[in-house]
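Grab a pencil and get ready to work through a protein model one step at a time. Try each task yourself before you read the solution.

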Amino acid sequence: MKLLPDSILYRVRRAVVIGLITLVACSCYEKRIHWSPDGQRAAIILSKNLFEADDHIQGLYFSDSEGRLSRKLLPKPSTVAWFADSQRLAVATWDNPNGGLSIARVEDERLTLGPTLWSDSSEVIDIRIAPGDAHLAFTVGSVDDSRGVSLLVAPCDGSAPPTVVSHHAAVSPDWSPDGRSLVYFEGTSNRRDEPSLGKLVRRGVVNEHGQVELAEDLVHLAEVVFFSFSQIRCLSDGRILFNTAELSFPFASVDDEVLPVQLFAIETARQPTLIRIMTREAEAKLRQAFWFYEVSPDERQVLFGTFDGDVYLLTLATGEMQEIYTPEDNRTGSVAPVWRRAGEFTYVKPESGVIQWHDGRETVLSKDWGREFIAGLD
């Protein structure tokens with residue numbers, strides 16, 4: 001691949017610096033509510049990044065579907081991911097000088113940690129469980145940004161140590177539907193605080209015997225300028241969703257308008273075809289929303305969240321965009337909206353608390369959580 005000249009890359013970096021300052025320097029927009037696949041229990045993280053949360057409330061909690069909150073189950077969580085059976089949870093913790101990644105078993109309101117699968121001074125940023133629950137992929141990054149983001153894969157039973165897939169990835173890759181390949185961004189930069197020239201690639205990481213084995217060849221899907229927090233989601237019909245900057249050359253401006261972040265899809269079931277998911281009108285309306293999105297469990301809708309706390313809902317088949325919530329005052333959003341099940345999702349209103357949305361009806365999930373807990377969460 002022939003890379004863009006350094007002067008162009010410098011202008012690209014300048015063009016997105018405002019957005020990256022908000023996203024990376026603040027590190028405030030995170031997925032802190034994680035619903036189990038059966039929708040019966042949410043894992044809630046009050047993490048070390050929450051400067052307003054006192055030490056005594058920072059930790060991992062459970063909430064049931066009615067909003068009954070558990071006691072603190074773990075003191076220093078980083079992130080979690082549910083297994084398909086809703087009875088196991090991959091849990092990443094932080095604790096200077098080391099962090100750890102373990103598989104925990106859930107029984108009622110008890111959490112029993114298994115052996116540590118990985119431990120290092122870098123923090124686990126994201127975890128993706130493979131279809132079939134036999135393997136997991138996770139991304140790690142250093143606090144000072146100098147080492148960038150690394151992508152690793154490991155068997156969930158601890159039968160082999162984690163294997164490094166890439167040292168220059170984005171934080172949120174995904175598994176192919178068969179659970180044998182990873183789709184991720186492979187870049188040239190080793191920093192988390194700047195965009196990177198690179199490729200969207202697919203790589204086999206699990207062989208026909210179910211063992212971790214990295215394929216030598218990468219399947220190149222698209223040439224991109226991506227960001228550390230760019231996301232990839234693989235759908236069951238073969239489509240691959242990803243958010244990245246849309247470039248058009250030549251350009252003279254170094255204004256941030258040059259690089260709008262857009263949501264794209266690659267259709268791999270036929271001749272690989274790249275399509276824009278959003279209309280220009282929707283893009284202009286939702287300029288901030290492309291930093292975070294989450295696909296519904298039935299893969300029919302996409303939930304968007306912005307730094308300002310706005311929540312939008314896209315129906316993929318029709319392209320219809322629905323505005324769910326817009327804060328009345330200017331603020332910085334911190335908690336990403338998440339799906340509980342198809343047609344029902346959770347988001348945060350600062351004036352009301354944690355909201356469950358279903359068919360246009362809103363229910364306050366956090367009515368008994370207390371002001372201190374809500375303030376720590378948001």
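Below are five exercises, each with a worked solution.

**Before you start**

This is a predicted model, where local features need pLDDT of at least 70 and side-chain atom pairs count only at pLDDT 80 or more, while totals for chains, interfaces and linings use all residues. Residues are numbered from 1 along each chain as its sequence is written, and side-chain values use heavy atoms, with hydrogens and water left out.

**Exercise 1. Work out how many helices and strands the protein chain has, and what percentage of its residues count as buried.**

Step 1: Start with the rule: helices (H or I, at least four residues) and strands (E, at least two) are DSSP runs, numbered from the N terminus. That gives four helices and 27 strands for the protein chain.

Step 2: Now for burial, where buried means under 20% relative accessible area, exposed over 50%, and partly exposed in between (1.4 Å probe, protein chains only). Of the 378 residues, 56% count as buried.

**Exercise 2. Find the order of the strands in the open sheet that includes S24, and say which strands sit at its edges.**

Step 1: Check the pairing rule: two strands pair if DSSP finds at least two bridges between them. The order comes out as S24-S25-S26-S27, with antiparallel pairing.

Step 2: Look for strands that pair on one side only: these edge strands are S24 (338-341) and S27 (361-364).

Step 3: Zoom in on S25 (residues 344-349) and S26 (residues 353-358), which are joined by six bridges in the antiparallel sense. One bridge to find is that of Glu 344, whose partner in S26 is His 358.

**Exercise 3. Describe the ring pair of Tyr 325 and Tyr 347.**

Step 1: A pair of aromatic rings is described by the distance of the centres and the angle of the planes. Rings of Phe, Tyr and Trp (its six-membered ring) pair if their centres lie within 6.5 Å; planes under 30 degrees apart count as stacked, over 60 as edge-to-face and the rest as tilted. By this rule there are eleven aromatic pairs.

Step 2: For Tyr 325 and Tyr 347, the centres are 5.7 Å apart and the planes make 35°, so the pair is tilted.

Step 3: Place the rings: Tyr 325 belongs to strand S23 (residues 321-325) and Tyr 347 to strand S25, 22 residues apart. Both tyrosines are buried.

Step 4: Widen the view, and ring pairs link Tyr 325, Trp 339, Phe 345, Tyr 347 and Trp 357 into a cluster.

**Exercise 4. Is Leu 365 buried or exposed, and what does it touch?**

Step 1: Find Leu 365 in the loop between S27 and helix H4 (371-377).

Step 2: Its relative accessibility is 3%, so Leu 365 counts as buried.

Step 3: List its contacts (heavy atoms within 4.5 Å). Leaving out residues up to four places away in sequence, Leu 365 touches several residues, among them Trp 35, Ser 63, Gly 67 and Val 354.

Step 4: Check one backbone distance too: the C-alpha atoms of Leu 365 and Ile 355 are separated by 5.6 Å, with their positions ten residues apart along the chain.

**Exercise 5. Which burial class fits Asp 108, and which fits Glu 299?**

Step 1: Take Asp 108 in the loop between S6 (98-107) and S7 (110-120). Its phi is near 55°, a positive value in a residue other than glycine. With a relative accessible area of 57%, Asp 108 is exposed.

Step 2: Move on to Glu 299, found in the loop between S20 (292-295) and S21 (301-305). Phi of Glu 299 is near 65°, again positive in a non-glycine residue. Its relative accessible area is 21%, so Glu 299 is partly exposed.
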